[in-house]
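Reader: I am new to this structure. Could you show me the model and then take my questions?
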Amino acid sequence: MPKARRSYVAVQVTLTSADTNYEILALVNAILGTVAEAPGGARDFVIQAHPGIDGAGTNTSDVLIGDGELSATRFGTVLIPGASETFVSTLENVQVGGVYARSAGAGQKLNIKIIA
């Protein structure tokens, strides 16, 4: 049976290991599990480096955002703790797949919102 496609997803993902590339869509779909999957194309796609809640749990390292060739020297955006990047399109053509995250620190968290 095919998985249901969610039109709205809001989750927190963790970049478990340092200096490792993680595809954001794969992390989100791992959280959704066997029941549903996030859309590959969206109207709104927001990535936020976790700022902590009430001063606790703040990221300790910058998070690099880029494509499949992401490295410590090849990236598109740097998110300091609390910073975010938003991609918006009225045509649901923001491609969520193929966006990667990486950090020099282990255990960094990203808050992800996808709206199809």
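Author: What follows covers the nonpolar core, one helix and one loop residue.

Author: This is a predicted model, in which local features need pLDDT of at least 70, side-chain atom pairs count only at pLDDT 80 or more, and totals for chains, interfaces and linings use all residues. Residues are numbered from 1 along each chain as its sequence is written, and side-chain values use heavy atoms, with hydrogens and water left out.

Reader: Which residues touch the most other members of the largest nonpolar core?

Author: They are Ile 24, Val 28, Phe 45, Ile 47, Leu 110, Ile 112 and Ile 114, out of 25 residues in that core. A nonpolar core here is a set of buried Ala, Val, Leu, Ile, Met, Phe, Trp, Tyr and Cys residues joined through side-chain atoms within 4.5 Å. Buried means under 20% relative accessible area, exposed over 50%, and partly exposed in between (1.4 Å probe, protein chains only).

Reader: And which element gives the most to this core?

Author: Helix H1 (24-32) does, with 5 residues. Helices (H or I, at least four residues) and strands (E, at least two) are DSSP runs, numbered from the N terminus.

Reader: What is Ile 24 in contact with?

Author: Leaving aside neighbours within four places in sequence, Ile 24 is in contact with Phe 45, Ile 47, Ile 65, Val 99, Tyr 100, Ala 101, Leu 110 and Ile 112. Contact means heavy atoms within 4.5 Å.

Reader: Changing topic, where does Asp 19 lie?

Author: Asp 19 is in the loop between E2 and strand E3 (22-23).

Reader: Is Asp 19 buried or exposed?

Author: Asp 19 is partly exposed, at a relative accessible area of 46%.
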